[in-house]
Every structure is written in C-alpha cells, then in structure tokens.
Amino acid sequence: MIKVKELQKTYVSEEIETTAVNRINLEIKEGEFIAIMGPSGCGKSSLLNILGLLSSPSGGEYWFGEHEVASYSERERSKLRKGAIGFVFQSFNLIDELTVFENVELPLLYLRIPKPERKKKVEEALERMGIMHRRNHFSQQLSGGQQQRVAIARAIVSDPKLILADEPTGNLDSTNGEEVMRLLAELNDQGTTIIMVTHSYHDAQYANRIINLLDGKIVSENIQEEFQL
C-alpha cells in the first residue's frame with residue numbers, strides 16, 4: 001500500500017538546516033496497524049504528514065498504491081488524499097460552528113456526494129461510533145471522548161483505505177483513551193490500514209508493528225506476535 005525509499009524531509013531557515021526525516025526506507029502493507037514511536041522532535045509528525053500527503057518530501061521516493069507521489073504538487077496530493085485517507089488528531093479539529101452531523105458530513109461535501117447518500121453515510125458512521133444521539137449537538141457540548149468519536153466518524157465516513165492518527169488519546173483520560181483505541185482496533189480488524197503516532201507504549205500494543213524513530217531515522221521495528229503477514 002505504501003512504500004518509501006531513502007525518504008528525506010529537511011527544513012531550511014536563514015540560520016539553520018534541520019533534517020526531520022533522514023533517509024527512511026519503509027513498506028506498509030494493506031491491513032496493517034502501525035505505531036510510530038520516539039521522543040519529541042524525532043521526526044514522527046513530519047513523517048506522518050508526508051505519508052498523509054499533507055506535505056512533500058525533500059528527497060527520496062514515496063509510492064502510495066500505484067502512484068509515485070514524492071514530486072506531486074499540493075493540488076495533486078489533495079486530489080489523491082480525498083476519500084483515500086482519513087485523519088484523527090490529538091486536538092480533534094472539529095469546527096465549533098458546525099453540529100456533529102455537519103462535522104462528519106464535511107469530507108463528503110468535498111467529494112460532492114449527493115445529499116441523500118451523504119445523509120446515509122453520515123448516519124452509518126455516527127451509529128458505528130455510538131454517537132448518533134449527539135448528531136445535533138455542537139462540539140462544545142461534548143466530552144473529550146465524544147469529540148474524538150466524532151473525529152473518528154469524520155475520518156471513516158468516506159470509507160478511506162488508510163487512517164492516520166496523531167496522538168489520538170493525547171487529550172483524553174485513560175477510560176476514554178482506551179475506548180478510542182478499541183474503536184481504532186475494530187476498524188483495523190475490519191480491514192482499514194492504520195498508522196498511528198504515539199508516545200504511549202500502552203496504545204502501541206494495539207498495533208501489529210511498532211516502529212521507533214530517533215533523529216529522523218528508524219532505529220528499530222517490532223512485529224507483535226499475534227500479527228501474521
């Protein structure tokens with residue numbers, strides 16, 4: 001599904017050049033659940049942004065399915081990621097002025113899905129996440145756990161092949177965090193590929209493979225015993 005070769009990301013300012021991703025080679029198969037770990041500043045978020053087609057690498061190859069996307073423009077990356085990738089963020093990234101239903105509906109509007117089909121898909125996603133009873137509420141009226149359920153519903157509403165999760169339990173208490181991880185594990189069991197950045201060793205145990213980064217490089221990989229390639 002994803003293959004990168006000698007992937008690099010360098011940030012240049014007037015005074016300093018910083019290498020965030022340093023010649024990474026990585027392959028991710030369809031249906032895997034990957035946890036990316038490492039200390040702050042090790043390149044986790046930079047790598048996730050490249051894999052999510054939110055930014056372009058400075059060098060190397062990036063194959064997303066059949067597409068070599070390393071040199072894609074922002075417009076080309078945006079077109080490819082629509083409907084193919086769902087995002088779950090630590091800060092939820094819900095729009096305060098929109099209801100739960102409207103927040104989840106947003107990706108389908110970008111895809112120009114007809115209204116009757118949008119309604120059906122949104123309701124299915126809300127039911128799946130157990131949040132249908134809050135469909136007309138605003139994000140400020142929800143608990144943190146409920147907001148993250150809405151964010152996951154928004155991520156899955158377009159049936160993406162891949163979900164990228166950046167510290168998905170970082171703003172949650174342990175009970176709600178456990179529930180969010182259970183939901184991600186269920187999605188993975190149903191065939192969705194998941195790549196998650198986390199500082200939590202506990203959360204990483206839900207993954208099939210744990211990748212550790214340091215100074216922009218992969219320093220170790222651990223395949224969980226229960227995962228069969």
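The following legends describe close-up views of aromatic pairs, salt bridges and helix H2 in a predicted model.

Residues are numbered from 1 along each chain as its sequence is written. In this predicted model, local features need pLDDT of at least 70 and side-chain atom pairs count only at pLDDT 80 or more, while totals for chains, interfaces and linings use all residues; side-chain values use heavy atoms, with hydrogens and water left out.

**View A. The aromatic pair of Tyr-62 and Phe-64.** Rings of Phe, Tyr and Trp (its six-membered ring) are paired if their centres lie within 6.5 Å; planes under 30 degrees apart count as stacked, over 60 as edge-to-face and the rest as tilted. The count under this rule is two aromatic pairs. Tyr-62 and Phe-64 form an edge-to-face pair, because their ring centres are 6.5 Å apart and their planes stand at 85 degrees. Relative accessible area is classed as buried under 20%, exposed over 50% and partly exposed in between (1.4 Å probe, protein chains only). Tyr-62 is buried at 1%, and Phe-64 is also buried, at 6%.

**View B. The aromatic pair of Phe-87 and Phe-89.** These two rings are stacked, with 6.0 Å from centre to centre and 5 degrees between the planes. Phe-87 is buried, with a relative accessibility of 17%, whereas Phe-89 is partly exposed at 25%.

**View C. A salt bridge within helix H2.** A salt bridge requires a side-chain nitrogen of Lys or Arg within 4 Å of a carboxyl oxygen of Asp or Glu, and the count by this rule is 14. Helices (H or I, at least four residues) and strands (E, at least two) are DSSP runs, numbered from the N terminus. Between Arg-77 and Glu-74, the closest N and O atoms are 2.8 Å apart. Both residues belong to helix H2 (residues 74–81), where a spacing of three residues corresponds to about one turn of the helix. Arg-77 is buried at 8% relative accessible area, while Glu-74 is partly exposed at 39%.

**View D. Salt bridges of helix H4.** Lys-120 is bridged to Glu-124, with the closest N and O atoms 2.8 Å apart. These partners are four residues apart in helix H4 (residues 115–128), and are therefore separated by about one helical turn. Lys-120 is exposed at 51% relative accessible area, and Glu-124 is partly exposed at 43%. A further salt bridge joins Lys-121 to Asp-159, with a closest N and O distance of 3.1 Å. Lys-121 lies in H4 and Asp-159 in the loop between helix H5 (144–156) and strand E7 (162–166), so this pair ties together parts that are 38 residues apart in sequence. Asp-159 is exposed, with 51% relative accessibility.

**View E. A salt-bridge network.** Arg-149, Glu-179, Arg-182 and Glu-186 are joined into one network by salt bridges that share partners.

**View F. The two sides of helix H2.** The buried residues in H2 include Arg-77, Ser-78, Leu-80 and Arg-81. They lie on the same side of the helix, because they cover an arc of only 165 degrees around the axis; the arc is that of the directions from the helix axis to the C-beta atoms. Arg-75 and Lys-79 are exposed on the other side of H2. Cover for the buried residues comes from elements including strand E4 (59–64), strand E5 (67–68) and strand E6 (85–89), where contact means heavy atoms within 4.5 Å. Gly-83, just after H2, takes a positive phi of about 80 degrees.
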